[in-house]
Amino acid sequence: MPKKSHCANIRRIAVIGSGISGLTSAILLQDNGHQVVVFEKSRGPGGRLASKRVPKSSADIGAQYFTARNPEFLPFLTCYAGPDSFRVWEGKIGFRDESGEWSEFPREARYVGAPRMTAISRQLSAHVEMVAETKIATFQKRNGLWDLTDTNGQSHTGFDQIILTAPPAQTQTLLEDSGLEDLADSLNDAVSRVLPCWAVAAHFHESPFHAFPWRAYSGARVEHPVLYWVGNNSSKPERNDQGEWWVLHANAEWTQANVDQDPEKVAQLMCQAFTDMVGFDGEPTAVVPHRWLYARSEGGETPGHLWYPEQGIGIAGDWLAGGRVEGAFDSAWALISAIEH
Ligand SMILES: Cc1cc2nc3c(=O)[nH]c(=O)nc-3n(C[C@H](O)[C@H](O)[C@H](O)COP(=O)(O)OP(=O)(O)OC[C@H]3O[C@@H](n4cnc5c(N)ncnc54)[C@H](O)[C@@H]3O)c2cc1C
């Protein structure tokens with residue numbers, strides 16, 4: 001764990017965002033004795049580690065699975081989310097190129113929340129003080145301490161430090177609106193690299209796929225004019241679905257071109273693309289669409305985290321550490337190590 005601070009250094013710290021990077025930051029800081037409050041604009045924690053209610057079940061509509069290459073990650077999850085909140089997903093993951101050729105992704109342990117992705121963030125958030133449904137709009141320094149104001153005009157006062165963990169565009173807006181233009185401008189490149197993603201959970205009464213190679217894979221990254229990822233959510237541990245829920249992600253170009261399209265229409269087009277691709281002559285029995293405006297970052301410099309000690313502002317997030325769930329953890333870990341060194 002990042003180094004423990006001395007008691008004399010105990011600080012009051014605001015964390016903005018309760019995704020994996022915000023919750024990791026908050027827990028590590030709290031473990032070091034600091035007083036931490038997490039502010040989250042949504043109803044529940046998790047951010048893009050997301051599950052959506054679907055008829056008679058739930059589906060992981062954001063992150064599909066995560067890796068644990070950093071040796072600190074699993075011990076952290078086991079300790080704070082609990083060993084029952086996640087499982088290995090044994091399914092084979094493939095890559096299907098434009099011509100329909102398949103190759104298997106290298107085998108490594110892939111993890112999912114159990115019985116859904118948000119099981120992890122629910123457990124993590126139980127360790128910290130979280131103020132949900134509170135979108136922070138600005139922060140200002142008064143008498144040496146940060147005062148936060150939310151979008152309802154309510155103040156949250158007296159913080160020594162602030163940790164920002166929202167995606168780059170949202171972090172940039174916060175910095176700009178708080179009069180920190182230089183910090184905001186430094187995120188221009190990161191903001192330009194964030195890609196949107198339309199996601200659809202689609203239910204089939206029976207598995208629509210009997211033929212090899214589709215039956216051999218639980219999920220696939222596909223090169224396709226519409227789709228980017230298709231995954232059998234019901235094949236993950238502890239889902240116990242009747243029939244199969246599949247999660248489809250559109251590629252960034254198609255999402256961009258259809259970003260303001262009616263969600264029902266998007267679901268129809270994506271399911272049609274899916275059934276055409278796998279050669280299934282039928283329709284899903286239920287569909288649930290979801291639009292991610294800030295899904296993932298592509299390319300560019302990834303410094304790991306940003307820490308401005310004079311202002312007492314730290315920035316963490318997946319986009320600073322190569323994207324993905326594990327990147328979000330890595331970024332938070334590195335930031336808190338830098339703050340507490
Ligand atoms: C469709 C999709 C598929 C993905 N697939 C995978 C995958 O298979 N494997 C993988 O490892 N990763 C995947 N990812 C990426 C992974 O989900 C992210 O890397 C990770 O969850 C990001 O965590 P984070 O804490 O950095 O950010 P987030 O999870 O985005 O958390 C930021 C939080 O800040 C909150 N917030 C924003 N602004 C404010 C504000 N002003 N005030 C208060 N709260 C605010 C947000 O509501 C959010 O909860 C996928 C993502 C998407 C969208």
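Here is a short friendly tour of this predicted model, taken point by point.

1. A good place to begin is the set of salt bridges. The count for this model comes to 14 salt bridges. The next points look at some of them in turn.

2. Start with R11 and E340, whose side chains meet in a salt bridge with an N to O distance of 2.7 Å. This pair links distant parts of the chain, as R11 sits in the segment before β1 (12-16) and E340 in the segment after α9 (324-339), 329 residues apart. If you look for the two partners on the surface, note that R11 counts as buried at 16% relative accessibility, and E340 counts as buried at 4%.

3. Next, find R291 and D260. They form a salt bridge in which the closest N and O atoms are 3.5 Å apart. R291 belongs to strand β18 (residues 286-297), while D260 is in the loop between α7 (252-257) and α8 (263-278), so the salt bridge ties together parts that are 31 residues apart in sequence. As for their surroundings, R291 is partly exposed, with 35% relative accessibility, and D260 is exposed, with 71%.

4. D147 and R142 offer another salt bridge to look at, with 3.1 Å from N to O between their side chains. Here D147 is buried, at a relative accessible area of 12%, whereas R142 is partly exposed, at 45%.

5. Salt bridges can also join into a group. In this model, D60, K236 and R239 are linked in a network of salt bridges.

6. Now for charge on the surface. R43, R53, R116 and R122 form a positive surface patch. To find one of these residues, go to the loop between β2 (35-39) and β3 (51-54), where R43 lies. R43 has a relative accessible area of 72%, so it counts as exposed, the cut-off being over 50%.

7. Helix α3 (residues 118-125) is worth a careful look. Of its 8 residues, 6 are buried, so the helix is largely enclosed by the rest of the structure. The buried ones are T118, A119, I120, S121, L124 and S125. What lies over them? The cover for these buried residues includes α1 (20-31), β3, α2 (73-80), β5 (86-88), β8 (111-113) and β9 (129-131).

8. Another buried spot is L175, a residue of helix α4 (residues 168-177). Its relative accessibility is 0%, so L175 counts as buried. Leaving aside residues up to four places away in sequence, L175 touches F139, L164, L180, L183, A184, L187 and I315. For one of these partners there is also a C-alpha distance: L175 and L187 are 12 residues apart along the chain, and their C-alpha atoms are separated by 9.8 Å.

9. Finally, is S218 buried or exposed? S218 is found in the loop between β14 (194-204) and β15 (219-222). With a relative accessible area of 13%, S218 is buried, because buried means under 20%. Its contacts, again not counting residues up to four places away in sequence, are W89, G91, K92, G231, N232 and S235.

How values were computed: Residues numbered from 1 in each chain as written. Predicted model: local features only at pLDDT ≥ 70, side-chain atom pairs only at ≥ 80, totals over all residues. Heavy atoms only, no water. Patch = residues over 30% accessible without salt bridge, like charges linked within 9 Å, V, L, I, M, F, W, Y side chains within 5 Å. Areas by Shrake-Rupley, 256 points an atom, 1.4 Å probe, with all protein chains shown as cover. Salt bridge = Lys/Arg side-chain N within 4 Å of Asp/Glu carboxyl O. Lys, Arg positive; Asp, Glu negative; His and termini not counted. Charge placed at Lys NZ, Arg CZ, Asp CG, Glu CD. Helix = DSSP H or I, 4+ residues; strand = E, 2+ residues; numbered from the N terminus. Buried < 20%, exposed > 50% of the residue type's maximum accessible area, 1.4 Å probe, protein only. Contact = heavy atoms within 4.5 Å.
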